[in-house]
Amino acid sequence: MLAVQLTVGCTDQTGPQSVLAEPPPEHESENSLTPFLDPDKLFLRSGVVMVVDEDAGSVLFERNTDERRPIASLTKLMTAMVTLDAGLPEDEVITITRADRDRLRGSGSKVSFGTKLSRHDMLKIALAGSENRAAAALGRTYPGGTEAMVAAMNEKARRLGMGDTTFRDPTGLHRGNMSTAADLVTMVEAAYRYPAIREFTTVGIDYVTDLRSGWKVRFYNTNRLVRSKMWDIDLSKTGYIAAAGHCLVMRAEIAGRPVILILLNSWGELSKYGDANRIRRWLDHADRKARETARVAEASEG
C-alpha cells in the first residue's frame, strides 16, 4: 500500500491563484518558448485545447477555451479535493453498496457490491482507476452525504474562481458537471497542491485490498501515458461520457518546464493520447530551436 496520508495537503485551501489570473508580462521571459512556436504546425483532434506554461504564466496554445462543456470523470479531481479537505479518517472502512451503482450510464466496475475498502484505497481507485462506485461511495459517506459533498464541490469551485464550473455529482456521470478549459487549468493547479492526488493520479498499475475477503483488486491507470517512459507526469485524469467526448488533463514536465494540458471532446478513445504526444513533440522542437538560437547569440557576442 502506498504510504500517503489523506489529510496531508490543503485542508480547506483554495490552492494557488491561477496562472491565467495575472496579465501577461510586457516582455517574454528569457526561457519563453513562445517566439519559437508555430501554431499552424500543431494538428490536434480535440475540440477544446489549452496548453499552459505554468512557470511563465503563459498560454502556449488554445482552442475554444471558454466553451462550457461536460467534463465527465475529470470531476473526480474535485471529489478528491473536498474529501481531503474534510480531514476524514483514511483508514475508515467503507462498503460498496447498491446505492453506489451507476444508474445513469450503466457502467461496469472492478469493485463488486459488498467490497470493503479503506477510504485511502477508495480514493486511490477512484482517481487512478476512475472507479465510479468508489467515487459515489466517497460522496455517500461524506459528512451530510452526497448532496453535502456536491455543495462543497461547487463552493470550492467558487472560491477558486472557477466561475464557469458546475458540479452535479461526485462521479462525473451526470452531464450537468460542466466546465471550461480555462477553469480546468485552475482545478489542476489546485489539485496539484495535494500530495495524495499527485501520487494517486500517476500510479500506473496497482491494487487495493478488499477487507471483506483479503483479495487484491488490481487496476490500471486510465491514462496510459503514465506508464510511458517518454513522459514525466505529475498529475493526470481522464474522462468520458458521450456528452463530453474523450477528455484528458495533465500536469507534466515538458521541455524542462511544468506544462498543463487540457484536452476535451476528443473524437476517438486514443485521440487524446495522440494529441498529448503531438503537443509534447511540438514543445520539444521549440525548445531545441530556442536553445540553438541562444547558443548562436552567445557565440556571436563572444
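## Helix α1 and its surroundings

Helix α1 is mostly covered, for ten of its ten residues are buried. The structure described here is a predicted model. The buried residues of α1 are Lys76, Leu77, Met78, Thr79, Ala80, Met81, Val82, Thr83, Leu84 and Asp85. Just after this helix, Gly87 takes a positive phi of about 65°.

The loop between β3 (69–70) and α1 contains Ala72. Although Ala72 is not a glycine, its phi is positive, at about 50°. Ala72 has a relative accessibility of 0% and therefore counts as buried.

## The protein as a whole

The secondary structure of the protein comes to seven helices and eleven strands. The protein has 302 residues, of which 54% count as buried. Among contacts between residues at least 6 apart in sequence, 66% join residues at least 24 apart.

## How α1 packs against α5

Two packed helices are described by the angle between their axes and the distance between the axes. For helix α1 (residues 76–85) and helix α5 (residues 181–192), the angle is about 40° and the axes lie 10 Å apart. Because of this angle, α1 is oblique to α5. The crossing in which α1 passes α5 is left-handed.

Which residues of α1 and α5 meet? On the α1 side they are Leu77, Met78 and Met81, and on the α5 side Met187, Ala190 and Ala191. Sorted by class, this contact of α1 with α5 has six nonpolar residues, no polar residues and no charged residues.

An α-helix has 3.6 residues a turn, so residues three or four places apart point the same way. In α1, Leu77 and Met81 both take part in the contact with α5.

## How α1 packs against α2

Helix α2 (residues 119–128) also packs with α1, at an angle of about 160° and with the axes 10 Å apart. Angles over 145 degrees count as roughly antiparallel, and α1 and α2 are therefore roughly antiparallel to each other. The crossing of α1 and α2 is left-handed.

In this contact, Lys76, Leu77, Ala80, Thr83 and Leu84 of α1 meet Arg119, Leu123, Ala126 and Leu127 of α2. The residues of the contact of α1 with α2 divide into six nonpolar, one polar and two charged. Leu77 appears in the contact with α2 and also in the contact with α5.

## The nonpolar cores

How many residues does the largest nonpolar core have? The count is 59, and the residues with the most contacts inside this core are Met78, Ile197 and Ile262. Helix α5 gives the most to this core, with eight residues. Apart from the largest core lies another core, of 27 residues, which includes Leu225, Ala252, Trp282 and Leu283.

Met78 belongs to α1. When residues up to four places away in sequence are not counted, Met78 touches Met153, Lys156, Ala157, Leu160, Met162, Phe167 and Met187. One of these, Met187, is in α5.

## Ala276 in helix α7

Ala276 lies in helix α7 (residues 271–301). Is Ala276 buried or exposed? Its relative accessibility is 0%, so Ala276 counts as buried.

Leaving aside neighbours within four places in sequence, Ala276 is in contact with Leu225, Trp231, Leu248, Met250, Leu261 and Leu263. Among these partners, Leu225 is also a member of the core of 27 residues. Ala276 and Val249 are 27 residues apart along the chain, and their C-alpha atoms are separated by 9.6 Å.

## Two partly exposed residues

Where is Asp232 placed? Asp232 is in the loop between β8 (216–220) and β9 (233–241). With a relative accessible area of 44%, Asp232 is partly exposed. Its contacts, once neighbours within four places in sequence are set aside, are with Ala252 and Glu253. Ala252 is also among the residues of the core of 27 residues. Asp232 and Arg251 are 19 residues apart in sequence, and the distance from C-alpha to C-alpha is 8.9 Å.

Asn265 lies in strand β11 (residues 257–266). The relative accessibility of Asn265 is 30%, and this residue therefore counts as partly exposed. Asn265 has a positive phi of about 55°, although it is not a glycine.

Key: Residues are numbered from 1 along each chain as its sequence is written. This is a predicted model: local features need pLDDT of at least 70, side-chain atom pairs count only at pLDDT 80 or more; totals for chains, interfaces and linings use all residues. Side-chain values use heavy atoms; hydrogens and water are left out. Axes are lines fitted to C-alpha atoms, for helices over the stretch in contact, and angles run from 0 to 180 degrees between N-to-C directions. Helices (H or I, at least four residues) and strands (E, at least two) are DSSP runs, numbered from the N terminus. Angles under 35 degrees count as roughly parallel, over 145 as roughly antiparallel, 65 to 115 as roughly perpendicular and the rest as oblique. A crossing is left-handed if the near helix is turned anticlockwise from the far one by less than a right angle, and right-handed if clockwise. Contact means heavy atoms within 4.5 Å. Ala, Val, Leu, Ile, Met, Phe, Trp, Tyr, Cys and Pro count as nonpolar, Asp, Glu, Lys and Arg as charged, and the others, Gly among them, as polar. A nonpolar core is a set of buried Ala, Val, Leu, Ile, Met, Phe, Trp, Tyr and Cys residues joined through side-chain atoms within 4.5 Å. Buried means under 20% relative accessible area, exposed over 50%, partly exposed in between (1.4 Å probe, protein chains only).
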